[in-house]
Amino acid sequence: MKIGELSRRTGVPTRMLRYYEEQNLLHPARGENGYREYGDTAVPCVQQIRGLLDSGLTTEIIRAILPFLSASGKIHLHPECLTTETAALLRDEIDRIQSRIDCLARNRDALRAYLAAVQPDRPDGVS
């Protein structure tokens, strides 16, 4: 399928699909005319990339783990395939995510405290 069809089937703009290719996340074949040609497996791959990006992962992390993910999101990685660099990258990402979680939890608690202060007649100030 051509890039326009992949865009229609995934809801991802063609500009973003080209970006995924630039980031070495997608690897379309090229026809004799130079047009990108995608197989049917590109649809779940793009959906997976989109989901990983939406979850906050960087293209660098996605590039490192994408070869080991199936369309269902299950990891198919033998421990000996994990390089020291990839392990460090994943640990850094886990730390970054945990920092975001901690920040969100603090903000949630602050909002609850504010609501409890201004609406003391409701439990936790939340309706």
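## Close-up views of a predicted protein model

Of the 127 residues in this protein, 26% count as buried, and the reader should keep in mind that the model shown here is a predicted one.

**View 1. The whole chain is built from five helices and two strands.** Followed from the N terminus, the elements come in the order α-α-β-β-α-α-α. When contacts between residues at least 6 apart in sequence are considered, 48% of them join residues that are at least 24 apart. The accessible surface of the protein amounts to about 8,700 Å², and carbon and sulfur atoms account for 54% of that surface.

**View 2. Helix α3 covers residues 42-54.** The helix has 13 residues, which at 1.5 Å a residue should span 18 Å, and the C-alpha atoms at its ends are indeed 18 Å apart, so the expected span and the modelled one agree. The buried residues of this helix are Ala42, Val43, Val46, Gln48, Ile49, Leu52 and Leu53. What covers these buried residues includes three other helices, namely α1 (3-10), α2 (14-22) and α4 (59-65). Just after α3 comes Gly56, a residue that takes a positive phi of about 100°.

**View 3. Pro44 has its place in helix α3.** With a relative accessibility of 30%, Pro44 counts as partly exposed, because that class takes in values between the 20% limit for buried residues and the 50% limit for exposed ones. Although Pro44 and Thr10 are 34 residues apart along the chain, their C-alpha atoms are separated by 8.3 Å.

**View 4. Asn24 lies in the loop between α2 and β1 (29-30).** Most residues other than glycine have a negative phi. Asn24, however, has a positive phi of about 65° although it is not a glycine. The relative accessible area of Asn24 is 42%, and this residue is therefore partly exposed.

**View 5. The largest pocket holds about 230 Å³ of space.** Its lining is made up of 13 residues, and those that lie nearest the centre of the pocket are Leu25, Leu26, His27, Cys45 and Leu66. Sorted by class, the residues that line this pocket comprise eight nonpolar, four polar and one charged.

Key:
Residues are numbered from 1 along each chain as its sequence is written. This is a predicted model: local features need pLDDT of at least 70, side-chain atom pairs count only at pLDDT 80 or more; totals for chains, interfaces and linings use all residues. Side-chain values use heavy atoms; hydrogens and water are left out. Helices (H or I, at least four residues) and strands (E, at least two) are DSSP runs, numbered from the N terminus. Buried means under 20% relative accessible area, exposed over 50%, partly exposed in between (1.4 Å probe, protein chains only). Contact means heavy atoms within 4.5 Å. Accessible areas come from the Shrake-Rupley method with a 1.4 Å probe; for residues, only the protein chains shown count as cover. The expected span of a helix is 1.5 Å times one less than its number of residues. On a 1 Å grid over the protein atoms alone, a cavity is a set of points where a 1.4 Å probe fits but cannot get out, and a pocket is an open set with protein on both sides within 12 Å along at least five of seven lines; lining residues have an atom within 4 Å of a point. Grid points are joined across faces, edges and corners, and a volume is the space filled by probe spheres set on the points. Ala, Val, Leu, Ile, Met, Phe, Trp, Tyr, Cys and Pro count as nonpolar, Asp, Glu, Lys and Arg as charged, and the others, Gly among them, as polar.
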